[in-house]
Amino acid sequence: MAKITSLEGYAKPGSVLYCDIRFWVAHSGIYIGDNLIAEVTDKDGKAYIRYAHPRHFLTRLEDERDGKLKEGGKIYIACGKDGNSLGLEKVAQRVRTAVESAGSRARGKEYAWFPIDDSELNCHKFSAGCLLGNFKNDCGSFEKLKEAIRKTYGEFKWIDVEIGANS
């Protein structure tokens, strides 16, 4: 498969995405359109939310801050049995609302980080919250996130796309 730089045409707004960020540690987020993924990460015991482009989504926060942006990697998209991505506008809207509600505290960088009050929020809990409409859920693990995907979209499979620096 050719390497791509944009998820447009592969993911729909509201699609759940994940990547293996390091040593088989899954990192999840929600695609909102315009080649942007909403993701949550934590630093110093606080959770932060941001919109990220695919290469930023693939890169660990520490590496990104050190200027070591990944050249590429695989992003997995939750898809139906037909191979088409699963996504709902209401899920994407929940993402936008979460980011906008925290937006007044933006730090003004291109990829500004937004603090979230729930320090127990992680990427899987955030993604499940967008699916379920409840951010105070018990979906802090990747396995629990998969249950939330099934609850929202039914049975699914992961389809991967290869992201590259420039194709």
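**Entry 1: Y76 and its ring partner**

I began at Y76, which is buried at a relative accessible area of 17% (buried is under 20%, exposed over 50%, partly exposed in between, with a 1.4 Å probe and protein chains only). The model is predicted, so I note that local features need pLDDT of at least 70, side-chain atom pairs need 80 or more, totals for chains, interfaces and linings use all residues, and side-chain values use heavy atoms without hydrogens or water. Numbering starts from 1 along each chain as its sequence is written.

I then searched the whole structure for aromatic pairs and found 6 (ring centres of Phe, Tyr or Trp, the last by its six-membered ring, within 6.5 Å; planes under 30 degrees apart are stacked, over 60 edge-to-face, the rest tilted). I looked up Y18 with Y76: the ring centres are 4.6 Å apart and the planes meet at 15°, so I logged this pair as stacked. Y18 sits in strand β1 (residues 16-22) and Y76 in strand β5 (residues 73-79), so the two rings tie together parts 58 residues apart in sequence (helices, H or I of at least four residues, and strands, E of at least two, are DSSP runs numbered from the N terminus). I checked Y18 for burial as well, and its relative accessibility of 11% makes Y18 buried.

**Entry 2: F142 and W158**

I took F142 and W158 next: their ring centres lie 5.9 Å apart with planes at 20°, so this pair also counts as stacked. F142 belongs to helix α5 (residues 142-153) and W158 to strand β7 (residues 157-163), and the pair links distant parts of the chain, 16 residues apart. F142 has a relative accessibility of 17% and is therefore buried. W158 comes out at 22%, so I entered W158 as partly exposed.

Which residues form one aromatic cluster? I find Y18, Y76, F142, W158 and also F156 in that cluster.

**Entry 3: Nonpolar cores**

I looked up the largest nonpolar core and found 29 residues in it (a core is buried Ala, Val, Leu, Ile, Met, Phe, Trp, Tyr and Cys joined through side-chain atoms within 4.5 Å). The residues with the most contacts inside this core are V16, V95, F126, L131, L145 and I149. I traced the elements that give two or more residues to the core: β1, β2 (25-33), β3 (36-43), β4 (46-52), β5, α3 (89-102), α4 (123-132) and α5. Of the contributors, α5 gives the most, with 5 residues. I also found a second, separate core of 15 residues, with I4, C19, I75 and I77 among them. For background, nonpolar side chains in soluble globular proteins tend to be buried together.

I listed the partners of V95, leaving out residues up to four places away in sequence: V95 touches I30, I32, A38, Y51, F126 and C130 (contact means heavy atoms within 4.5 Å).

**Entry 4: I149**

I went to I149 next, which I find in helix α5. Is I149 buried or exposed? Its relative accessibility is 0%, so I149 is buried. With residues up to four places away set aside, I149 touches V16, A78, L131, G154, F156 and W158. I checked A78 in particular: I149 and A78 stand 71 residues apart in sequence, yet their C-alpha atoms are 8.1 Å apart in space. Two of the I149 partners, F156 and W158, also belong to the aromatic cluster.

**Entry 5: D34 and N35**

I looked for positive phi values outside glycine and noted D34, where phi is near 55°. N35 has a positive phi too, near 65°. I place D34 in the loop between β2 and β3, and N35 in the loop between β2 and β3 as well. Their burial I looked up separately: D34 has a relative accessible area of 66% and is therefore exposed, whereas N35 has 11% and is therefore buried.

**Entry 6: The whole chain**

I closed with the overall layout. How many helices and strands are in the chain? I count 5 helices and 7 strands. Read from the N terminus, the elements run β-β-β-β-α-α-β-α-β-α-α-β. The chain has 167 residues, and 49% of these are buried. Of the contacts with a separation of 6 or more, 58% are between residues 24 or more positions apart.
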